[in-house]
Amino acid sequence: MKRCLSGAGLGLLIIALAAPFSIANERFTLWEDFGGEFATLPPSWVVDDVNSDGHAWTPWDFGGARGGCGLRHFTSSVQPADDWVFTGALNLTPAEACTLYFKTRVTSAGQPHKLAVWIGQTQNPAGMTTMLFSDQTLAFETPQDMALPFSVGSPGTYYVGFHCTSDPGMLALFLDQVGLAVPEPDLMATLQLDREIYDGSTIYAPGDPVKGMVLVANMGPSPVTINSKLTVGHEPDPNAVLSYLVNGPSGEVPFVMKVKPVEPEPGDFVTLNTGDRVHKYYDLSLGFDFTAPGDYFIEAVYWNPYPDGGGTAWIGRLVSTPAMITVEVPVGRAGE
Ligand SMILES: [Ca+2]
């Protein structure tokens, strides 16, 4: 019997990730974006066209997030959808704080879709026992980030199922970047700003360069292979391994630098033993405007969605503790 566990120890929360200031360090035990150039369904995933009408979840080269690849359900013009796609096996630890992420969008806000997300222990509709998410009027035309916190009560193998029940004639529903994250206790990102390092100060004049050193370190007992190609962009650009979140006196500070996405090569992955770290020194004022007087809070985000050739690379997201600076007009220049 299916049940919704929202009141039974399973929290449900949908948050927009445009400003993920509250996200903790997390490691992805599943990260699937369905291919870079051509969309593919992972071998362990299963599509079920329950009503056998030929309209089913299908790998699709356009309409997803990074590179366009994702899954698409194009509705029938005559009957409602009844279509599942199931992830491969997920080994979950009881009581561990898990977060299921995915992106979704529709072709037209005027033609909303119906989507529910379930979890269960067999890879078929009858095995889906716990509802994690239900939106019967999905109407975003640009991909929206969904984040569903949950935990399970017993150990074992689980599957997540995405169930589309959209009305006929609604055009397409898209699904992309499906991830399962758990807390990351061992890796950490830290941000140190130049003036604090050299002068012990957090005060900058309007227009001063603001340079920062980001360190990604392994503080855990076991070696971890990470992507050391610290390409810089702006959260939530999925191609930027390193990005910054800046909140200034008027709110989030826009990022104005254009960064060409670069995917890592095998040699970009390095193994960090206990205490090892990689770093990047970056002039944040190349991308952010620090001219308005006031306090700025800056976080560095390290995000690696790329597997390495051996399939052992760490995939996940680290967010530094915020660094704070104050931009103020120097004494004697106030009347200029
Ligand atoms: Ca169908």
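What share of the 336 residues in the protein chain is buried? The figure is 36%, and I should say at the outset that it comes from a predicted model, so let me turn to confidence before anything else. The chain averages a pLDDT of 88, and 88% of the residues score at least 70. The exception I would like you to keep in mind is residues 1-21, where pLDDT stays under 50, although the model still has 30 contacts beyond four places in sequence for that stretch. Where pLDDT is low, the predicted coordinates should not be read in detail.

Now to the overall make-up. The protein chain has 1 helix and 25 strands, and, among contacts between residues at least 6 apart in sequence, 78% join residues that are at least 24 apart.

Let me take one sheet as an example. It is an open sheet of 3 strands, in the order β14-β16-β22, and the pairing is antiparallel. β14, residues 187-193, and β22, residues 277-283, stand at the edges with a single partner strand each, so one side of each has no neighbour in the sheet. From one strand to the next, the twist averages 15°. Looking at the pairing of β14 with β16, which covers residues 211-218, we find 7 bridges in the antiparallel sense, and L193 is placed opposite G212 of β16. As general background, strands of a sheet pair through backbone hydrogen bonds, either parallel or antiparallel.

Next, the interior. The largest nonpolar core holds 82 residues, and those touching the most other members are L100, V117, L132, L242, Y244, A300 and Y302. Domain 1, at 2-182, and domain 2, at 187-327, both contribute residues to this core, so the core lies between them. If we follow Y244 and leave aside its neighbours within four places in sequence, we find that Y244 is in contact with L284, F288, I298, E299, A300 and V301.

Finally, a residue in a loop. Q79 sits between β5, residues 70-74, and β6, residues 83-86. Is Q79 buried, exposed or partly exposed? Q79 counts as partly exposed, because it has 13 C-beta neighbours inside 10 Å, whereas a buried residue would need 20 or more and an exposed one would have 12 or fewer. Not counting residues up to four places away in sequence, Q79 touches N51, D53 and P168. Q79 and S166 are 87 residues apart in sequence, yet their C-alpha atoms are 9.1 Å apart in space.

Note on methods
Residues are numbered from 1 along each chain as its sequence is written. This is a predicted model: local features need pLDDT of at least 70, side-chain atom pairs count only at pLDDT 80 or more; totals for chains, interfaces and linings use all residues. Two strands pair if DSSP finds at least two bridges between them. Helices (H or I, at least four residues) and strands (E, at least two) are DSSP runs, numbered from the N terminus. Axes are lines fitted to C-alpha atoms, for helices over the stretch in contact, and angles run from 0 to 180 degrees between N-to-C directions. A nonpolar core is a set of buried Ala, Val, Leu, Ile, Met, Phe, Trp, Tyr and Cys residues joined through C-beta atoms within 7 Å. Domain bounds come from an automatic or database domain assignment. Two residues are in contact if their C-beta atoms, placed from the backbone, lie within 7 Å. pLDDT is the predictor's confidence in each residue, from 0 to 100.
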